[in-house]
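Let's take a walk through this fold, strand by strand. Have the sequence and the model open side by side as you read.

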Amino acid sequence: MGLRLGRTLVIANPAAQSGAGAQGAEFVRRTLEAFSSATDGFDLRLTTGPGNATQMARAATGFETVLALGGDGVIHEVVNGLMHIDASRRPRLGIIPLGSGNDYARTLGMAKNAPEVALGQILRGVCRRVDLGLVNGTYFDETLSFGVDAAIALDTMRRRKAHGAHGTRLFMGSGLDIIRHQISSWPFTAAFDGEQVTGSSIVFAVQVGPTYGGGFRICPDADSTDGLLDVCYSHGDPSTATALATFARARIGLHTHSPYLGFLKAKSISIDFEGEPPCQADGERLVGAHFKITCAHRALEVITPTRQG
């Protein structure tokens, strides 16, 4: 038996995947019209610029389900909009991933860049509650990072807009360039669930799910339902060659035994950097030197495939 979505709002980025988002939105419209029993009526709204998806999701109080069609950035905006709605009235979220990285899709087990498959997964899916991260008032569904990690993520956004490149190759190319020419370390003082740590880090990633950068398994053991954030941070002073080799191994999660990396789990993190490092949450730039980070346990209901993977 299929999942009844109730009254449904579809928020779609028509510019996703170089215009494929418009075609995907039209496919969703036709399908939901053809299978009217799947919903109690639906609205389709197209975004027109940054922040638009957040505004739409924030106003979705009369809907039972919100479907986000687009890349990680649009999904991030929709999540933040939904989290402004009181938990008792908050719609569930379904995602139809059409993006470059699609890391949240990997975490949820959703088909990537295949709207017909993803919508089928949703219509036959199950609902479950998942964790979110919260940093200085902004929610993130997959990744928060500082330093080189963030610089690479932000650079991939710039390169994608300029050249239309996408996926893991884009992240790898940006990473190799930045590590070779722009690598720097950021002194910090942090508290992980109250335990103090002081150091200087090139890499500092806080994960809800395992991957960033289009599939880099930076925190392979991350579980989006365990109430904990997974952290990977560097220490020591690795050479450029070592940093490059570690970066390459992270593609498939083989970096975890590096003597220059530390891994831990925490419910809450407070961190102060000397200066303002590059920072991003799900690909969106953040600024500052002090960050208070918490895990919002089971904060959002999402639709996932009956079988994930």
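How many bridges join strand E1 to E3, and do the two run parallel or antiparallel? Strand E1 covers residues 8-12, and five bridges tie it to E3 in a parallel arrangement. Keep in mind that this is a predicted model. If you'd like a landmark for the pairing, look for Val-10, which sits opposite Leu-67 of E3.

Now turn to the other partner of E3. Strand E4, residues 92-97, is linked to E3 by six bridges, and these two strands also run parallel. Here a handy landmark is Gly-70, whose bridge partner in E4 is Pro-97. To get from E3 to E4, the chain passes through helix H3, residues 72-82, and the resulting β-α-β crossover is right-handed.

With E1 and E4 both paired to E3, what about the burial of E3 itself? Six of the six residues in this strand, 65-70, are buried, so E3 is largely enclosed by the rest of the structure. You can check that face by face: Thr-65, Leu-67 and Leu-69 are buried on one side, while Val-66, Ala-68 and Gly-70 are buried on the other. Two of our landmarks turn up again here, with Leu-67 on one covered face and Gly-70 on the other.

Further along, there's an antiparallel arrangement to look at. Six strands make up an open sheet, in the order E12-E11-E10-E7-E14-E15, with antiparallel pairing. The edges belong to E12 (261-266) and E15 (284-285); each has a single partner strand, so one side of each is left without a neighbour in the sheet. Inside that order, E7 (residues 143-147) pairs with E14 (residues 279-281) in the antiparallel sense, over three bridges. To find that pairing on screen, start from Ser-145 and look across to Gln-280, its bridge partner in E14.

Last stop: the cysteines. How many disulfides does a search of the whole structure find? The count is zero. Cys-219 and Cys-232 show the reasoning well. From the sulfur of Cys-219, the closest cysteine sulfur is in Cys-232, 5.4 Å away, which is too far for a bond; the cut-off for a disulfide is within 2.5 Å. Starting from Cys-232 leads straight back, since its closest cysteine sulfur is the one in Cys-219. Are these two residues buried or exposed? Cys-219 counts as buried because its relative accessibility is 3%, and Cys-232, at 0%, counts as buried too.

Technical notes. Residues are numbered from 1 along each chain as its sequence is written. This is a predicted model: local features need pLDDT of at least 70, side-chain atom pairs count only at pLDDT 80 or more; totals for chains, interfaces and linings use all residues. Side-chain values use heavy atoms; hydrogens and water are left out. Buried means under 20% relative accessible area, exposed over 50%, partly exposed in between (1.4 Å probe, protein chains only). Helices (H or I, at least four residues) and strands (E, at least two) are DSSP runs, numbered from the N terminus. Two strands pair if DSSP finds at least two bridges between them. A crossover is right-handed if, with the strands pointing away from the viewer, the path from the first strand over the helix to the second runs clockwise.
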